[in-house]
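Ready for a few short exercises? Have a look at the model first, then try each task before reading its solution.

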There are 2 protein chains.
Amino acid sequence: MKRIKCIVAYDGTNFLGYQIQNQGRTVQGELEKVLKRMHKGERVPVYASGRTDTHVHALGQVIHFDSPLDLRLENWQKALNAQLPEDISILHVEFVPETFHARYSSIGKEYHYRVLLKKERDPFLRNYSYHFPYDVDVKAMRAGMYHFLGTHDFTSFSSAKSTVENRVRTINRFDVIEMEDELQFQIRGNGFLYNMVRIIIGTVLEVGTGKRDPNEIEKILERKDRASAGKTAPGCGLYLYKVFYE
Amino acid sequence: MKRIKCIVAYDGTNFLGYQIQNQGRTVQGELEKVLKRMHKGERVPVYASGRTDTHVHALGQVIHFDSPLDLRLENWQKALNAQLPEDISILHVEFVPETFHARYSSIGKEYHYRVLLKKERDPFLRNYSYHFPYDVDVKAMRAGMYHFLGTHDFTSFSSAKSTVENRVRTINRFDVIEMEDELQFQIRGNGFLYNMVRIIIGTVLEVGTGKRDPNEIEKILERKDRASAGKTAPGCGLYLYKVFYE
């Protein structure tokens with residue numbers, strides 16, 4: 001038995017998210033379908049670093065699975081890519097010890113979020129960024145973003161539906177790159193709660209338009225109440241960029 | 001009655017091309033549907049600079065139509081964009097004299113063609129470029145491309161189905177920009193036959209992989225026979241970039 005780790009990219013547009021559901025097309029579903037075919041109809045469970053929601057993309061999702069097959073690394077990559085649909089691509093494959101677990105061994109993640117500021121919509125980016133055609137004050141946003149750095153209880157910035165007990169997380173980096181007509185947010189932390197990145201971005205954009213003061217962020221964190229934070233930004237702007245391991 | 005000219009961008013992925021068909025979603029179909037709604041159920045015919053095929057994109061398609069409505073320019077743009085689907089965007093609107101015709105007044109066009117050279121496919125570019133994971137000799141391609149410049153009979157480089165009588169066209173510019181993992185071809189001419197750009201690109205790529213000699217292009221042109229040219233490159237890599245008028 002060998003444990004195989006893969007780095008996977010996918011275009012989330014036509015997926016109901018990563019995790020298998022009773023109905024609908026999912027990334028895990030497509031991966032397991034191919035593995036089942038390769039293992040004579042036997043189910044091979046695939047474990048990911050975490051789920052991604054409907055329409056959320058991945059540039060560096062990490063998964064693992066165990067297999068008795070005797071294939072060389074290059075052939076694993078070729079066999080998987082040959083059978084997977086075109087909106088999923090295996091970027092890298094490696095053999096890992098059995099102590100490795102895509103989810104439990106992860107020590108951090110980086111997400112990117114693309115915001116399109118152009119007045120007119122862009123048909124080519126409609127599924128790949130959040131169209132936000134308003135004037136934003138990037139300086140004010142940066143002042144607000146600063147308050148997220150460090151270790152906080154992120155209850156205010158997680159879905160009210162979340163049932164996780166411990167909502168303390170650490171953000172190590174939170175940056176925004178200004179491009180022509182576009183903002184790219186980059187956020188890195190030791191872990192993220194359900195909808196956390198999207199609520200953070202939604203709130204930071206409200207700081208950008210002047211709807212909120214940058215210093216309000218600190219108070220929202222203290223309140224531990226989802227209702228005091230901003231809107232959840234749409235999934236199509238979000239990219240799981242990288243998963244970190246020891 | 002006013003004649004209105006629009007510059008239109010569309011993501012061709014989910015269209016069966018520009019022109020209205022008996023079945024299937026088309027760009028013209030979507031445009032006329034919106035105009036009909038704005039004109040109390042009256043059909044408003046839309047004229048384009050030319051058709052684009054299934055999956056072909058446009059960054060600067062030009063259309064015109066006539067309307068008795070008394071709307072200001074900005075309001076035309078807003079009204080159309082508000083009702084059009086997200087994969088079509090009106091970039092620019094202007095009033096033109098009745099002598100203007102999107103197709104017959106055009107004096108030239110520029111197309112771009114994107115080729116992805118990366119070994120691994122890219123899920124995000126699957127609908128926006130031609131994945132061609134082979135080593136290509138760009139110098140040889142440039143040598144071949146040179147033979148297309150000027151005025152030639154392009155019968156060899158047009159669909160065998162084409163019924164147009166006069167197949168003489170002039171290419172003023174044919175360039176290739178090398179980017180990381182990608183080639184972008186830019187071709188400008190006074191007009192293009194059915195499938196012409198895609199057959200030219202398919203043939204130039206065969207020069208790139210060494211399957212054909214750069215000097216063969218001249219002979220293929222002389223033969224006036226579709227069978228002597230290369231494969232038709234796929235539609236998803238092609239972009240109607242600009243239409244020129246006096």
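Below are four exercises on this predicted model, each with a worked solution.

**Exercise 1: the two copies**

Work out which rotation superposes chain A on chain B, and which residue of chain A comes closest to the rotation axis.

*Solution.* Start with the superposition: turning chain A by 180 degrees, with 0.0 Å of shift along the axis, puts it on chain B with an RMSD of 0.0 Å. The two copies are therefore related as by a two-fold rotation axis. Next, look along that axis: Phe124(A) is the residue of chain A that comes closest, with its C-alpha at 5.5 Å. Both copies use the same surface, as 100% of the contact residues of chain A recur in chain B.

**Exercise 2: the interface**

Find out how many residues of each chain are in contact, and which three residues of chain A supply the most buried area.

*Solution.* First, count the contacts: 23 residues of chain A meet 23 residues of chain B. Now for the area. The size of an interface is often given as the accessible area lost when the parts come together. Here chain A and chain B bury about 1900 Å² between them, and 53% of that is on carbon and sulfur atoms. Arg121(A), Phe124(A) and Arg126(A) supply 41% of what chain A buries against chain B, more than any other three residues. Finally, check the charges: 4 salt bridges cross the interface. Arg126(A) forms a salt bridge with Asp87(B), where the closest N and O atoms are 3.9 Å apart.

**Exercise 3: the largest nonpolar core**

Decide where the largest nonpolar core lies relative to the two domains of chain B.

*Solution.* Begin with its members: the core has 67 residues, and Phe65(B), Leu80(B), Phe174(B) and Phe185(B) touch the most other members. Helix H4 (residues 196-208) of chain B gives the largest share, 8 residues. Domain 1 (2-96) and domain 2 (108-245) of chain B both contribute residues, so the core lies between them. Then zoom in on Phe185(B), whose contacts include Phe174(B), Met141(B), Ile201(B) and Leu205(B). Apart from this core lies another one of 66 residues, among them Leu80(A) and Phe100(A).

**Exercise 4: one glycine**

Is Gly189(B) buried or exposed, and which residues does Gly189(B) touch?

*Solution.* Locate it first: Gly189(B) is in strand E9 (residues 182-189) of chain B. Its relative accessibility is 2%, and buried means under 20%, so Gly189(B) counts as buried. Leaving out residues up to four places away in sequence, Gly189(B) touches Ile107(B), Gly108(B), Lys109(B), Thr170(B), Ile171(B) and Asn172(B).

Notes: Residues are numbered from 1 along each chain as its sequence is written. Chains are lettered from A and ligands numbered from 1 in the order in which they are written. This is a predicted model: local features need pLDDT of at least 70, side-chain atom pairs count only at pLDDT 80 or more; totals for chains, interfaces and linings use all residues. Side-chain values use heavy atoms; hydrogens and water are left out. Helices (H or I, at least four residues) and strands (E, at least two) are DSSP runs, numbered from the N terminus. Buried means under 20% relative accessible area, exposed over 50%, partly exposed in between (1.4 Å probe, protein chains only). Contact means heavy atoms within 4.5 Å. Copies are superposed by least squares on the C-alpha atoms of residues with pLDDT of at least 70 in both. A nonpolar core is a set of buried Ala, Val, Leu, Ile, Met, Phe, Trp, Tyr and Cys residues joined through side-chain atoms within 4.5 Å. Domain bounds come from an automatic or database domain assignment. Buried area is the accessible area (1.4 Å probe) that two parts lose on being put together, summed over both. A salt bridge is a side-chain nitrogen of Lys or Arg within 4 Å of a carboxyl oxygen of Asp or Glu.
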